[in-house]
Amino acid sequence: MRTRAESDWEPEVATPSSEPSANGGVGQAVKEVTDRLKTILTLEIELAKLEVSRKIAAFAIGIGMLVAAAVFTLYALGFLLAALAAGLDTWLPHWLADLAVGLGLLFLVVFPLALIGKKKLATPPIPKRAIHEAKLTSEALKTDGA
């Protein structure tokens with residue numbers, strides 16, 4: 001193990017692989033640093049593009065799976081409603097069982113959803129907290145400036 005007291009000890013200094021020539025001096029060194037900076041920035045941009053493209057691909061796959069799930073859910077709901085109508089068909093005439101399922105679906109699901117949706121659309125989305133904060137900020141700026 002070496003110590004600093006030993007005569008052959010030299011500090012490790014990071015040196016660039018291609019040292020500027022004595023002819024170019026500082027100008028050559030600045031050019032090399034600029035070129036390396038451009039290379040680093042180009043590589044960073046390529047890395048960002050690659051990362052974003054991978055995330056977009058994963059996002060697109062996720063959306064596709066959600067759409068497929070929604071389609072299968074819609075078909076499953078249709079089969080469940082048909083099974084309910086077939087079950088009611090054992091006690092009621094066929095047309096009355098289908099009517100009962102249709103009206104039940106209409107009144108228990110469709111109308112409440114439509115009323116809630118209409119209520120949500122009736123009030124415009126006003127950012128009340130942001131407006132309040134903006135007023136407080138403008139008042140604070142006016143009092144500091146006065």
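**A tour of the three helices**

Begin by selecting Glu51 and Lys55: the two residues belong to helix α1, 4 residues apart, about one turn of the helix. Helices here are DSSP runs of H or I with at least four residues, strands are E runs of at least two, and numbering starts at the N terminus. The side chains of Glu51 and Lys55 form a salt bridge, 3.6 Å from N to O (a side-chain nitrogen of Lys or Arg within 4 Å of a carboxyl oxygen of Asp or Glu). Glu51 is partly exposed at 42% relative accessibility, whereas Lys55 is exposed at 56% (buried is under 20% relative accessible area, exposed over 50%, partly exposed in between, with a 1.4 Å probe and protein chains only).

This is a predicted model, in which local features need pLDDT of at least 70 and side-chain atom pairs count only at pLDDT 80 or more, while totals for chains, interfaces and linings use all residues. Residues are numbered from 1 along each chain as its sequence is written, and side-chain values use heavy atoms, without hydrogens and water.

**Next: Lys31 and Asp35**

Remain in helix α1, which covers residues 25–88, and select Lys31 and Asp35, again 4 residues apart and about one turn of the helix. Their side chains also meet in a salt bridge, at 3.1 Å from N to O. Lys31 has a relative accessible area of 47% and is partly exposed; Asp35, with 34%, is partly exposed as well. The search of the whole structure finds 2 salt bridges.

**Next: from α1 towards α2**

Select Gly87, which is placed in helix α1 and is partly exposed, with a relative accessible area of 29%. Then add Ala97, 10 residues away along the chain: the C-alpha atoms of Gly87 and Ala97 are 8.3 Å apart.

**Next: helix α2**

Select residues 94–122, the extent of helix α2. From first C-alpha to last, the 29 residues of α2 reach 40 Å, close to the 42 Å expected at 1.5 Å a residue (1.5 Å times one less than the number of residues). Centre the view on Leu106, where α2 bends by about 35° (the angle between axes fitted to the seven residues ending there and the seven starting there).

Colour Trp95, Leu99, Leu103, Leu105, Leu106, Phe107, Leu108, Val109, Val110, Phe111 and Leu113 to display a nonpolar surface patch of about 1000 Å². Within this patch, Leu108 is exposed, with a relative accessible area of 70%.

**Finally: the whole chain**

Zoom out to view the protein with its 3 helices and 0 strands, which run α-α-α from the N terminus on. How many of the 146 residues, in percent, count as buried? The share is 3%. The protein exposes about 13200 Å², of which carbon and sulfur atoms supply 71% (Shrake-Rupley method, 1.4 Å probe).

Colour the chain by pLDDT, the predictor's confidence in each residue from 0 to 100. The mean for the protein is 82, and 82% of its residues reach 70 or more. Among the elements, α1 has the highest mean pLDDT, 90, and helix α3 (residues 128–145) the lowest, 80. Where pLDDT is low, the predicted coordinates should not be read in detail.

Conventions
Patch = residues over 30% accessible without salt bridge, like charges linked within 9 Å, V, L, I, M, F, W, Y side chains within 5 Å.
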